[in-house]
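Here are my notes on this one, jotted down while clicking through the strands. Have a look at the model first, then work through the points below.

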Amino acid sequence: QVQLVESGGGLVQAGASLRLSCAASGRTFTTFTVGWFRQAPGKERVFVATISRDSGTTYYENSVKGRFTISRDNAKNTVYLQMNSLKAEDTAVYYCAADSQYPYSIRYASNLGSYEYWGQGTQVTVSS
């Protein structure tokens, strides 16, 4: 069992930056693939970014490439999502998710259904 807690969300203007954190507890974090997903009002939850257990592989949804960076500090049991040049369309609740069931692949790691553990989410609102 692992518990995930997101933080760092807030209300910012377009063009600003935020750094989200996902803190894990309960199990050795190095065994988990981690993903960030987001859900805008009235829409489905969708993939944003993922990072492999050893940080060797990252993958991003096209609309955030070049603006968002996912990273992890396994010593701190924390994964980060650095979000730069924020746009109004980035407004959503952001969730981190973790899974240790499968070998890493982009297809698996970008699939919402692959993840066993989820945080409660943190709201990001970008005003235009």
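1. Start with the middle of one sheet: β3 and β8 run antiparallel to each other, paired over six bridges. Strands here are DSSP E runs of at least two residues, numbered from the N terminus, and a pair needs at least two DSSP bridges between the strands. If you want a register marker, R19 sits opposite Q82 in β8.

2. Some housekeeping. This is a predicted model, so local features need pLDDT of at least 70 and side-chain atom pairs count only at pLDDT 80 or more, while totals for chains, interfaces and linings use all residues. Numbering goes from 1 along each chain as its sequence is written, and side-chain values use heavy atoms, with hydrogens and water left out.

3. Now zoom out to the whole sheet. It is open, has four strands in the order β1-β3-β8-β7, and its pairing is antiparallel. β1 (3-7) and β7 are the edge strands with a single partner each, so one side of each has no neighbour in the sheet. From one strand to the next, the twist averages 15° (axes are lines fitted to C-alpha atoms, with angles from 0 to 180 degrees between N-to-C directions).

4. For the edge pairings, β1 meets β3 (residues 18-25) antiparallel over five bridges, with Q3 opposite S25. At the other edge, six bridges link β7 to β8 (residues 78-83), again antiparallel, and S71 faces Y80 there.

5. β4 is worth a separate look. Six of the seven residues in this strand (33-39) are buried, so the rest of the structure largely encloses it; buried means under 20% relative accessible area, with a 1.4 Å probe and protein chains only. Antiparallel partners are β9 (residues 92-99), through seven bridges, and β5 (residues 45-51), through six. V34 has A98 as its bridge partner in β9, and G35 stands opposite T50 in β5.

6. β4 and β5 make a hairpin with five residues between them, and G42 in the turn has a positive phi of about 75°.

7. Where does R67 lie? In the loop between β6 (58-60) and β7 (68-73). R67 counts as buried because its relative accessibility is 11%. A polar atom of the R67 side chain is 3.0 Å from the backbone oxygen of S85. Beyond neighbours within four places in sequence, R67 has contacts (heavy atoms within 4.5 Å) with Q82, M83, N84, S85, L86, K87 and D90.

Methods. Buried means under 20% relative accessible area, exposed over 50%, partly exposed in between (1.4 Å probe, protein chains only). A polar contact is a pair of N or O atoms within 3.5 Å; within protein, one must be able to donate a hydrogen and the other to accept it, and residues adjacent in sequence count only if both atoms are side-chain atoms.
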